[in-house]
Each structure stands twice: as C-alpha cells, then as structure tokens.
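Hi,

Here is the model we talked about, with the sequence and structure together. My notes on what turned up come straight after.

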Amino acid sequence: MKRKISMVILNAALLFFSITTTLPFIWMLCSSFKTNVEINSQAQNFFPQQLMLQNYTNVLTKFDFLQYFINSLIYALLITVITIYTSTLSGFVLSKYRFKGRQLLFTGILLTMMVPGVVTIIPRYSTMQLLGWIDTYKALIVPSSFTAFGIFMMRQACFSIPDEMLEAARIDGANEFYIFHRIIFPQLQNSIVSIAIFQFLWAWDDYLWPYLMIRTGEKSLLSVALNLFNGRYSTDYAGLFAATSIAILPVVVFYIVFQKRFIEGVSSSSLKG
Amino acid sequence: MAHRSNEKNALGSRSEIILRNIMVISLIAFFTVFFVIPIIMALVGSFFQWNPLKLQFNFLGIENWKGVFTSELFWRSMGNTIVFAVAATVFRVILGLALSHALYSRLIRHKTLYRTFYYLPTITPMIAVAFVWKFIFDPQLGLLNKILNSDINWLFDDRYALIAILILTIWKDFGYAVVILLGGMYSLPKDCYEAAEIDGAGAWQRFWRLTLPLLKPTILFIVITSLISYFQTYIPVMVLTQGGPGTQTYLATYLIYDEAFVKYNFGYASALSFVLFLFIAVLTGISFKVSGKNNAS
Amino acid sequence: MKKIFSLVLAFTLMLSLAACSGAPASQPSSSAPATQESSSAPATQESSSAPAPSQELPSIGNVIQYNPNQPVNDGKDISIELWYWTGAANLFQSLADKYAAIHPNVTIKLVENPWEDYWTKLPLALQGKDGPAIFNVHNSQHDNLIGYMAPYDIPVADMEKEFVGATGHIIDGKIYYTDYGLMTATAYYNTKMWEAAGLTDKDIPKTWDQFREIAKKLTIRKDGKLVQAGFSYNGGIQGDVLGMNYQYGQNLFAADNKVSLNNEAMKNVIQRLKDMYAVDGVCEYNFGNNSGDNFGQGTVAMFLGWGFMTNVLKQNFPDTTFDCFEIPTPAESVPYAYHRYNGESTFGVNKNAPAEQQAIAQDIIRFFLANDAIQKEFCLANAVFPAKGTLKADADLLKVPSIAVLADHIDRYIWPGPMPSTVENNVKIMLEDIFYNKADITKALTNAETTINKDLANLKFTSQEPMYKYASEAKK
C-alpha cells in the first residue's frame, strides 16, 4: 500500500514538472498559428481560431529565415569541429608530454574560465575594429577556436589512456601525428561527443558577440535575427513565435533522435570533473 | 598509471617536439591575445573616458573607479546578482537531486520520456524562450496568472520582478542538473546500497548518508558552473524587465552591458567588469577551498 | 563518430533540398532584414521611355528648388548606400525609385538595421571609409552622429523659410539635418467607448480637470474588478511627462543646459498622474503594462500617445476605432506651450564618404526636400505634422487625427533641442520608481536630475528652448 501511494505521488510530481517544461512550448507553437490581433486580444484562447500558416510562410520568405538558419548552422558546425580538434590536441599535449611550465600553462588556461565575458568583450571589440574584422565570420570563430573547458575535459580524458599503448606505437616507429590521429582520437569518443554537444548548443545560442560583430543582415545568425521582430514601436509576436518554433525544431529533433548519446555525453562530462 | 622515469627522454622524437611546440605556442598565443591582453586593455581603459562611437579617449584618473564604488546602482546590482545566483543555483541543485532521484528509483516507468521533457528548455536558445515567457508573465493575458488565478504584475511589481527572472532561469536550467545527476547516480556502486539495505537503512537514510556524499563531486561541478554562469546572466533581464521596475532587477552583467553597448561608456564599463571579475575570482577560490576540505575529509 | 558524420550529411542534404524549394527567400527583392538592392538600371529603361529623353522635366519645389534635368556625377554610373532603421521599408524604396527614375545612373542600395542595432552600427560604419553616404537620423542620437556629418549645401536661409524648426538646427551657421515632420503627444480615445458612455464631441476636454471627469465616466468596473480603464499611462509615460512641464511655463533645461526636474511644475504633473489612479480610480498599475497596446486590445478608453501610434494602432489593432484630441492644459487660457514636439529628422550626409558619393547624397537630399509628394508620403507614413510650409493645409494630412490636432496651435509647441536619450531613459526609470516602487517624488526627481546631469556633462548639448517663439513667457 505504501508503495502504491509513494508511486502515485512520485508520478504526479514527475508529471507536474513535465507539464511545466512543455506547456510554454506548446503554447508558443499554438500561438505561432494565430494572428497578432488574436495573440494580443483580451479573449485568450489556447488554440488558434484559424490556422494562420501565413506566419510561417512570411518567416520563410520575408524574414529570410533560411539564410539565418544556414549561417547559424555553419557557424555552430565550424566551432564544434574546430574546438574538438584544438581541445583534443591541447589535452593530449598537456597530459602526455612532459615539459617545463606544463603545469603553469594548464593552470593559466584553467584560470581563464573564471574571467567573465564582459571583461574581455570590450577590448576584443576594439581589437576587431582595429584589425578590420568587423562584419566577418573570422571575428566570430577565431576568438572561440580554443576553449578552456574543452581543454580541461580532454586532458582529463587523456589521462585514462595507458602510456604503454603510446610507447608501443612509438617503438613501432609511429610519429606523434599518427599516434594522435589513429590512437588517441578514437579512444576519446565519449568526451568528444560531450564537447561537441556543448559547443554546438553554445554556438547556436550565442547572442551578444555575433550581435556586435555582424552588421550585414544576410550574414546574421539566427539567434540575433530573432530579435528583429522586436521593432521600434511594437513586437511582432506572431512572426517571432513562428520563427522561434522553426529555430528550435532542428535542435529538438536532433536531441530526441540522439537522446541517448546526448545524455550519456552530457552526464559523463561531469564525472571526470 | 605508469610515468616515464626520465624528465627529458633522450629519444624524444622530432615529431613530438614539433607537435608540442606547435600546441604550446598556439595556446600561449591564443590565450595571450584573447585573454591576457584584453584584461590589461580593460584595466587601462578603465582609467579613461572611452567612447568608441565618438572616438573619445580622455584620461580620467580614478574617476571611473570612484564612480563604481559610490554608485548605488552598482551595489544594488551586485546584491541582486548574488541573491539571484545563489537562489538559482540552490533551486537547480535541489530540483535536480529530487527529480533525478525520483527517476532513478525503481518505481518509475517512462524514465526516458521524462528526461527528454526536462532537458528540453535547456537546449533552446535563451533569447527565444525569454520572449515567450515575457508573454506568459503578462498580468491580464499571460498563462501564469491564468493558471494561478492571480493578477500579479510579475514584471512590474518590485516584489516579484526578480522572482520572475528566477522562475525563467530555473525552468530553463533544472533539466541539465537532472540529467547530470541521473548519470552520476547510475555510476554509483550498487553494492554499497545493497549492503545498506540489508543493514536496515531506510530510503531517506540511504539517500542522505550514501547518495549525497557520493555525488558530492558532481554536485560541486553543477554548483560552480552554475554560479559562474548565473553571475553573467543578462538576456532575461534585457528581454523581460530591462532592469525594471525602476532599477530593481539590475544584474551586474546587465549593468555592464548597458554602460558598454547602450551608453558606450567603455571606460566605466571596464571598471565595473573588473570588480565583477574580482567577485567571481573570490567566489571560485572559496568554492575550491570548500571542496578541498571536503575531499580531505 | 560515424553517426555524427552521417547526421551532418543528412542535415546538409535536407537543407539543400529545402533551399531549392524555398527559392523566394534568396531573391534580392525580398524585403525586411536582408539588404536590398534598388538597382534601377533595368527597370527604368522601361519607365524612362515614357517621357522622351529630350523632353524637359518640370522643376520641382518652391523655395528650395530641384532641377531634374541636371545630370549627376556627369551621368556616370555610381552606387551609394542609404542606411535606415526597421519600419517603413517601402518608404525608402519609394524614394529610391523616384530618384532613380530621374537619374538611372545612380544605384541606391538600401540597408536596413533594427532600431537598437542601428545606433551602434551606424557610428562605427561612419568612422570607416566605406560607410553609407546617406543615412537616416534621429535627433536623440545627435551627439554620436554629428561628428560624422557634412553640412547641407542648401542655403540656410532657404531652409529656414521653407521648413518649420530649421532655425533650431543651425550649428555654427550651417545645417546638418533638420526635421521633415513634427510629432507630439496627443490624447487618443476609443470612439465606441466614448459613445457608450453617452459622450459627444462637446465633451472633448480642454483642461485636466475636465479630462479627469471624462476619464471617470469612461471607467467600468464589474463586481469590483476593473474591466475598462478610463485612462491608462502604464508602460512608460516618460515621453509625455517630459513636456507637460511646459504647460506651467517651466523649461526642461536651465541656462547652463543642465536638466531641471525637481521643480513645482514636474511635481504637479506627477502628482496629478498618481491621483488619477489613487483618487479617481481610472486605472490600476497592475492593469495592463502597455497603455498603447491595451488601448488597441480594448481594455483602455484613453491614453496619451505620440503621433506614430496612429499607424501602429491601425496596423496591429484594426478593429479599434479611435480619434484624437489635443493634450489638455491646467487652465482654459493659452499655456506657455502645450507640450514639446520632436521631429522626424531628414537624412545625414557622411563626411567621410568619397566626394562623388557625397555629391549624390546632397543631391538626393535636395530632391527629397523639394519634392512635396515625397514629403507628404513620409509625413503620412509616420503620422507627423509636415514641417514644410506648403503642406500645412494639405487635406489628406489633416485627415490624420494626430496631425489635425496640431494644426491650430503648432507654434505653441516647443522644441527643447536634440535631447540626448539619457534624459528619457532616466525619467522612465524614475517614473517606474515612483509608480511601481512607491518612491518619494522629490527624492526620485532629484536622483534622476543628478544622474542625467552626470551624463550630460560628457555631451555637448545645447538647449533650443531660448529659440522658442514665446521664450520670454517662461518662468524665470
């Protein structure tokens, strides 16, 4: 009997939180099919009176949504690939090679994780101005090509690779690049997936720096472009919700399909911490 | 783990030296250019009246710093930020523990489905959900008041505005904690639990005496990353309240962003950001000290 | 690893398929956020065949004249950028098209930026060598822009003769931009609710006391709960508060160009607003957070709004029927000023742009100012009162409610000058403190004054209040 009661309570609680997390999304999806008049009206109906598919067609044609989507996708993919590479290489060198100042370098890198973004953003902004990199993707990608978090994680992961494996390969005559690409890299799949997920989501979400750097409309990233619905005098909620629904969709689909890997990757990342 | 016995391997291959040098140089170059130099620039800039839109760069001495420490707005934002960051972190951890424990328990079916739902807000961009929530908080038209049957003016009532921002933040991030803690629980040694059960320990005791201590490193990871992240919150403020009503919901990073990219007082903003930097450094230091003590025990 | 690669492949495939089917998205004619090309060459070859090339086009304009037969840039092809902020993209397209019809060798590239972005990106762009030659201006950003502007090469005297308010824009004997339309705060009322309360045109209030009575009549409560507010100012009334002081003869700025808020006039204005809620009960602070939106949604009977609200309401809330009346005053007699006006500004010319581009920019501006039809189009789009004298009595413009109310007393509206955004921003915060955080009025006014003056110390703001026609009537 006790078991049944506690089971009911537990299920209720879990259900409650499920509703809390999904309700706003369902509401947004419903609202994306309403007209602005309907969204703003006193009589708040949860479901749209009529399916306004026009919101979506507007977003795709007038808002140039596809362009922003592709921009964000390219940006996120590039960041992910680059940081995986640099993090793994750095992690490898910092864990498996012994050299003077190794600990100092690593500690220094670690310390940068504490620096709030606001401290460096202003000088970086000025630097980009001087270099003439404003309004280029260089300005977005280069400052993010190394990530302390990734380096930290990969170094941890590399420690678990037995040295004997490396020595054996060296005795067999392999050079370091071969060792890295053929031995280290494949061993670190889990950590790589973790970093990939973190970096991709971070890049997809990134707002402030892309907002400051990119000027030309067609180069804008999706996260920044969503703010365009916020006009000088009023916000176009219908368009915004439609655009957001589409913007979220791929990430959600990706997440649902690769859920298991996703979550394994996320949860394993903290254990090494 | 076996280590090489010599510091410098006489047989150190050329490729090792090349790879090592490339990486070390890249790392030093990158972190110098993108961290060390900007930090120095920010420090220097904080002594100037610096407006890049007007190409203005006049020496001010310590005027900016005086301004920071005598600014009521600054102290209020720091206060708000600390309260907010701590509250958000505490709730995130508690919710995370509670829900992950519930999911881990053998009584529950549909674990994966629940996990999917909880993590959903985390993967969506903050700027998108912030606008949705802005509407949800509307006193007449929003979902929240309709469900609670209240007419609280969430975003304009000085008692509730910061709470509204907290609600959004917790809603968005608790799923992350659930996922991580759940992963942690799965990797806990089962035999301890079986032994404890045999010894007659109740569910609550098992949780408090076994699960919690074993999860300490994971919990610490969540706490530290949460604190660092929440100290830099600003998108919710920007979308929901713009620091209002009045200046009640100003958070540190929002203040800095406002000074830097709305008013273009780069010098003053740099001074502000340095003080924030110090706060975070101290906070991180304390966390590590605390965790060090725990590890020792 | 493989899974990720296959996923990326799948995604790219999906996207390329979608991209093919979503062809319209990539067409250059798509408006809104993407940059636009107003390339006129192919289009006008058809339209310019209508008037034969040898036929003289009539000269345009009144005092400021424009000769469309004069070739620009010696007829050589040239391309310039025009920057503007989001909203009314068609307006600028129309201007570009009309200009290109006369000068097919000029390509005007329209670049749009959202309002907030605009004020960051524009000054930065103007610093470099490839910034826009011509750009939209708003006088609240005067300080960040004036350093990059080149003066108009139209005689100042002509500008003063033809455009109201041009005099206030003279800096060191030159004009860098002026206003094409004037906007101010008017009272908007819901005509259906007005009728339902048994009111007629005779009841239009002239004084604040009359206004308060009307607002009470328009307030409806059901079972003690407010369902219709007679008058709401929720969501930011700083733009209106800054101006109501003039009704008491009180200027906003002192002789030293510092802002003056802690005075009797302001206290009266704010206390009256507070009383309307607390004493008259015409609305509540928790009842809606945006008086304009709430008006459109049908929960508010009256609100104070600036001219632009006319078009916002028409667009977002087409079912709400409304009209405007002039802002009430403390007494029946004519006040020092009814309120302040702000201008929708004309374009700025980039002094860092190459000389040939600047020449085109100057020419476009002359065309813009001389052309009555274009002036009218811009005024209608923004629901602003025309600064150009020849349009003062235009029937179509006077049909717009917010414009009509200004027609009679336009010279009794004062322009304080290009008021920097810090003034409005800090007054907004101050009012939120007073209304929502129950702050003490005097303390809040003093705080706001101090904060604003600190910011003003870094700006070169000069109040234009002394240039007001009735400046001598101000309180000393």
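Chain C meets chain B through 16 of its own residues, set against 18 residues of chain B. This is a predicted model, so please read everything below as computed from it. On the chain C side, two helices each put at least two residues into that contact: helix 4 (115–127) and helix 17 (421–435). Helix 4 of chain C gives the largest share, with four residues. As for chemistry, the side of chain C that touches chain B has nine polar residues, five nonpolar ones and two charged ones.

The contact between chains B and A is another matter to look at. There, 78 residues of chain B face 71 residues of chain A. Quite a list of chain B helices supplies two or more residues each, including helix 3 (72–104), helix 7 (161–186), helix 9 (203–230) and helix 12 (266–296). Helix 1 (14–45) of chain B is also on that list, and its 16 residues make up the largest share of the side that touches chain A. That side of chain B breaks down into 57 nonpolar, 17 polar and four charged residues.

Now chain B by itself. It has twelve helices and two strands. Reading from the N terminus, a helix comes first, then the two strands, and the rest of the elements are helices. The C-alpha trace of chain B spans about 75 × 75 × 35 Å along its principal axes. Its radius of gyration is 24 Å, whereas a compact globule of 297 residues would come out near 19 Å. Burial stands at 44% of the 297 residues of chain B. If you take the contacts in chain B between residues at least 6 apart in sequence, 69% of them join residues at least 24 apart.

Chain C mixes its secondary structure, with 18 helices and 18 strands. Of its 476 residues, 47% count as buried. Among contacts in chain C with a separation of 6 or more, 74% are between residues 24 or more positions apart.

Chain C is also split into two domains, and neither is a single stretch of sequence: domain 1 covers 34–44 + 55–178 + 346–370, and domain 2 covers 183–341 + 412–473. Their centres, taken over C-alpha atoms, are 34 Å apart. Where the two domains of chain C touch, domain 1 contributes eight residues and domain 2 contributes ten. The domain 1 side of that contact has no nonpolar residues at all; seven are polar and one is charged.

One residue I followed up is Lys258(C), in the loop between helix 9 (238–244) and helix 10 (264–278) of chain C. Is Lys258(C) buried or exposed? Neither, quite: it is partly exposed, because 14 other C-beta atoms lie within 10 Å, and a residue needs 20 or more to be buried and 12 or fewer to be exposed. Leaving aside residues up to four places away in sequence, Lys258(C) touches Phe253(C), Asn453(C) and Leu456(C). The C-alpha atoms of Lys258(C) and Thr462(C) are separated by 9.1 Å, although the two residues are 204 residues apart along the chain.

Cheers

Note on methods:
Residues numbered from 1 in each chain as written. Chains lettered and ligands numbered in written order. Predicted model: local features only at pLDDT ≥ 70, side-chain atom pairs only at ≥ 80, totals over all residues. Contact = placed C-beta atoms within 7 Å. Nonpolar A, V, L, I, M, F, W, Y, C, P; charged D, E, K, R; others polar. Domains from an automatic or database assignment. Rg over C-alpha atoms; globule rule 2.2 N^0.38 Å.
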